[in-house]
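Me: I am new to this structure and would like a close look at a single part of it. Please take me through the salt bridges carefully, one pair after another, and then show me how one pair of helices packs.

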Amino acid sequence: MDFKLRRSYHKECLKCKKEAVDTLVKGWRKVTYPGIEAFRKVYKTKHEFDEKQKGKLERFLEESEHDYKELLNKLETKYNPTGATSVRRRQKIALVLQHHIYIYLGDLERYRCMLLFSGPVTSRDVFHGNDISLCKDYYKRAMHLCPKNGKPYNQLAIMAAQGDKNLITAIYYYIRSLSVRQPILTARDALTSAFEKMRRKYEKVEAELDTAREKQKIKQKKSKKPKAASKIIPLSGQFIWKFPGHKEQNIDNNDVGDDESNDDEDNNEFADSKGERFTQRHVHILLVLVGNESRTQEPLHQ
């Protein structure tokens with residue numbers, strides 16, 4: 001791998017000129033990512049690495065991580081973008097560079113978990129059987145520096161969607177990656193796919209619950225002692241009925257049953273399928289979360 005080429009790119013980045021961000025991205029695309037892809041092709045073919053290949057991959061990842069951390073520290077020392085009270089042009093460029101570097105460090109750690117390790121799980125944050133808390137920490141640092149860029153949200157969504165274990169979290173981050181000023185448009189298809197997986201899970205659980213209810217009914221019918229009929233106690237007075245997402249209605253119990261047209265309207269209002277009700281409910285919850293977080297999370301520098 002041509003590490004010297006990448007370091008020459010990093011040297012140009014330290015000048016924090018207008019093209020510095022493009023230079024950093026170019027270094028990733030021309031040197032770092034092709035190296036990772038070469039190892040991934042071998043892994044897809046053999047599904048494992050021998051000791052020699054593992055050693056090469058480990059050295060490649062360590063060397064890449066060292067270069068990006070070194071650039072990160074130099075930017076912090078030279079420009080102090082995160083500690084400046086007023087942001088000048090070069091400090092703003094340095095801030096964006098740090099944002100990209102944290103994403104690259106997160107990607108390197110993610111590839112390390114995917115391709116190298118299969119040790120014991122030491123955290124609930126698991127990806128391919130490995131602890132990814134450090135990987136998530138890098139992405140969240142990137143989010144903190146430039147919250148209007150959708151890339152770190154998308155990367156967190158990719159990890160959450162792995163194995164379909166944290167689909168709600170994945171959907172949340174996909175929505176975040178699409179709702180910022182610089183969205184990741186590929187997240188739209190991934191979001192649709194995640195919703196479809198959630199819908200199938202929901203329908204499976206509903207079917208299991210229906211089966212359990214039917215079995216319970218059959219069991220009760222076969223039992224020797226019939227269940228005593230429950231007594232209906234007439235209610236009087238006025239009560240307030242509250243439904244999620246609907247306006248409050250004052251209903252006089254003495255007038256219940258007099259107006260059949262209200263019942264028809266209510267039936268039409270709740271005539272959606274289970275899948276539609278499920279999707280609307282969760283979209284509403286996720287959009288509320290997005291709204292709350294976007295109001296509370298302010299960028300470090302505008």
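Reply: What follows looks at charged pairs first and at a helix contact afterwards. The model is a predicted one, and the structure holds 15 salt bridges. Side chains of opposite charge can pair when their charged atoms come close.

A good place to begin is helix α4, which spans residues 89-115 and contains both D107 and R110, 3 residues apart, or about one turn of the helix. These two residues form a salt bridge in which the closest N and O atoms are 3.3 Å apart. D107 counts as buried because its relative accessibility is 7%, below the 20% cut-off, and R110, with a relative accessible area of 9%, is buried as well.

Helix α4 also holds R112 and E109, which are 3 residues apart and therefore separated by about one helical turn. Their salt bridge brings the closest N and O atoms to 3.4 Å from each other. R112 is buried at 7% relative accessibility, and E109 is likewise buried, at 11%. This pair also belongs to a wider arrangement, since E58, E65, K69, E109 and R112 are linked in a network of salt bridges.

A further pair lies in helix α8 (residues 187-222), where D210 and R213 are 3 residues apart and so about one helical turn from each other. The side chains of D210 and R213 meet in a salt bridge, at 2.6 Å from N to O. Here D210 counts as partly exposed at 30% relative accessibility, and R213, at 45%, is also partly exposed.

The helix contact comes next. Two packed helices are described by the angle between their axes and the distance between the axes. For helix α1 (residues 3-13) and helix α3 (residues 51-79), the axes come within 11 Å and cross at roughly 15°. Because an angle under 35 degrees counts as roughly parallel, α1 is roughly parallel to α3, and the crossing in which α1 passes α3 is right-handed. On the α1 side the contact is made by F3, R6, R7, H10 and C13, which meet F60, E63, S64, D67, Y68, L71 and L75 in α3. Sorted by character, the residues of this contact between α1 and α3 comprise 6 nonpolar, 2 polar and 4 charged ones.

Definitions and conventions
Residues numbered from 1 in each chain as written. Predicted model: local features only at pLDDT ≥ 70, side-chain atom pairs only at ≥ 80, totals over all residues. Heavy atoms only, no water. Axes fitted to C-alpha atoms, helices over the stretch in contact; angles between N-to-C directions. Helix = DSSP H or I, 4+ residues; strand = E, 2+ residues; numbered from the N terminus. Parallel < 35°, antiparallel > 145°, perpendicular 65-115°, else oblique. Left-handed = near helix turned anticlockwise from the far one by under 90°. Contact = heavy atoms within 4.5 Å. Nonpolar A, V, L, I, M, F, W, Y, C, P; charged D, E, K, R; others polar. Salt bridge = Lys/Arg side-chain N within 4 Å of Asp/Glu carboxyl O. Buried < 20%, exposed > 50% of the residue type's maximum accessible area, 1.4 Å probe, protein only.
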